[in-house]
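Morning, everyone. Please look at the screen, and I'll walk you through one protein.

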Amino acid sequence: MENILSKPQYFRKQWTGFCFMLMIASWLFVLNGCVTGGKPQYHVENYLLNYPAPSWNNPEKLATSVKFHRFSIAVAYNATSMVFRSNDYSIDSFNYSRWAVNPADMIGDSILRDMRGSGLFQAVFSRHETDASRFIISGGIEEFYLRADSSNKTAIIGISISVQDSREKETGKRMMFQKKYFREEPLKDSSPKGYCEAASRAMQIISREIISDIYRAAKIRVQ
């Protein structure tokens with residue numbers, strides 16, 4: 001008799017526990033919807049430098065090779081954030097616009113592409129290739145940001161380039177030159193896309209200057 005009477009009580013306890021768990025699950029589902037479902041999903045735009053490769057008139061190809069090391073970059077710009085500065089002491093970035101890759105790799109790859117397309121060298125190797133080369137190119141991005149003054153907006157790019165001759169045994173003669181290239185380019189459109197376009201125009205000019213200087217220095221060594 002005792003077992004028969006205790007069974008309904010057992011099932012009531014089980015049913016009460018089930019209802020309680022169901023209530024908790026429903027409450028968590030509603031709470032999760034309030035936390036995540038109510039916020040709009042923002043689309044992030046990713047940008048890359050893009051410009052026509054510099055043209056060259058009947059270049060004399062040098063029977064030598066060059067190789068790029070991976071470019072370094074100042075810590076302040078070492079991210080995919082599209083940085084802008086309104087004065088010398090503050091720095092900020094766009095919330096929903098960024099560079100598709102790190103600026104150091106983006107700029108280094110752009111110069112690599114332009115140098116390969118120039119036809120000025122017998123071979124141009126990237127940092128990913130294991131081929132040995134006579135001339136070694138290193139670079140550092142010192143400035144890469146949008147200057148946003150009250151009057152205008154300007155794309156700023158500052159790059160340091162150094163070239164070494166790996167055949168030179170003496171350390172003092174190995175370094176061929178080290179030079180900084182700087183360019184300011186005003187925005188035609190006040191937007192992240194306009195900033196990317198201005199930075200691309202600046203890079204087109206800087207890239208040509210870098211390749212020309214490297215070619216002249218290498219030509220003297222080869223001859």
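First, a term. Two residues are in contact when they have heavy atoms within 4.5 Å of each other. Keep that in mind for the next number. Take the contacts in this protein with a separation of 6 or more. Residues 24 or more positions apart account for 71% of them. One caution: this is a predicted model.

Now the layout. How many helices and strands does the protein have? There are 4 helices and 9 strands. Read along the sequence, the order is α-β-β-β-β-β-α-β-β-β-α-β-α.

Next, inside and outside. Of the 223 residues, 38% are buried. The exposed surface comes to about 13900 Å². Carbon and sulfur atoms supply 53% of that area.

On to the core. In soluble globular proteins, nonpolar side chains tend to be buried together. Here, the largest nonpolar core has 51 residues. Which residues have the most contacts inside it? They are W99, I107, M115, F121, I161, Y195 and I214. Several elements each supply at least two residues of this core, among them β2 (62-68), β4 (81-85), α2 (103-118) and β6 (121-125). The others are β7 (135-148), β8 (153-165), β9 (175-186) and α4 (192-222). Which element gives the most? That is α4, with 13 residues.

Let's zoom in on one core residue, I107. Leave out residues up to four places away in sequence, and I107 touches L49, F71, I141, F144, I159 and M203.

Now a helix pair. α2 and α4 pack with their axes 10 Å apart, at an angle of about 60°. The class between the parallel and perpendicular ranges runs from 35 to 65 degrees, so α2 is oblique to α4. The crossing is right-handed. Who makes the contact? From α2, the residues are I107, I111, D114, M115 and S118. From α4, they are M203, S207, I210, I211 and I214. Notice I107 and M203 in those two lists. They also turned up as a touching pair a moment ago.

Three single residues to finish.

Start with V83, in strand β4. Is V83 buried or exposed? Its relative accessible area is 7%, and buried means under 20%, so V83 is buried. Beyond residues up to four places away in sequence, V83 touches A76, Y77, I91, D92, S93, Y145, L146 and Y195. Y195 is one of the core residues I named earlier. Look also at S97, which is 14 residues from V83 along the chain. Their C-alpha atoms are separated by 9.8 Å.

Next, N46, in strand β1 (residues 45-47). N46 has a relative accessible area of 49%, which makes N46 partly exposed. Its contacts, again not counting residues up to four places away in sequence, are R98, W99 and A100. N46 and W99 are 53 residues apart along the chain, yet their C-alpha atoms are separated by 5.3 Å.

Last, H128. Where does H128 lie? H128 is in the loop between β6 and β7. The relative accessible area of H128 is 63%, and exposed means over 50%, so H128 is exposed. H128 and R70 are 58 residues apart in sequence. In space, C-alpha to C-alpha, H128 and R70 are 8.9 Å apart.

That's my tour. Thanks for listening.

Technical notes: Residues numbered from 1 in each chain as written. Predicted model: local features only at pLDDT ≥ 70, side-chain atom pairs only at ≥ 80, totals over all residues. Heavy atoms only, no water. Core = buried A, V, L, I, M, F, W, Y, C linked by side-chain atoms within 4.5 Å. Buried < 20%, exposed > 50% of the residue type's maximum accessible area, 1.4 Å probe, protein only. Areas by Shrake-Rupley, 256 points an atom, 1.4 Å probe, with all protein chains shown as cover. Axes fitted to C-alpha atoms, helices over the stretch in contact; angles between N-to-C directions. Parallel < 35°, antiparallel > 145°, perpendicular 65-115°, else oblique. Left-handed = near helix turned anticlockwise from the far one by under 90°.
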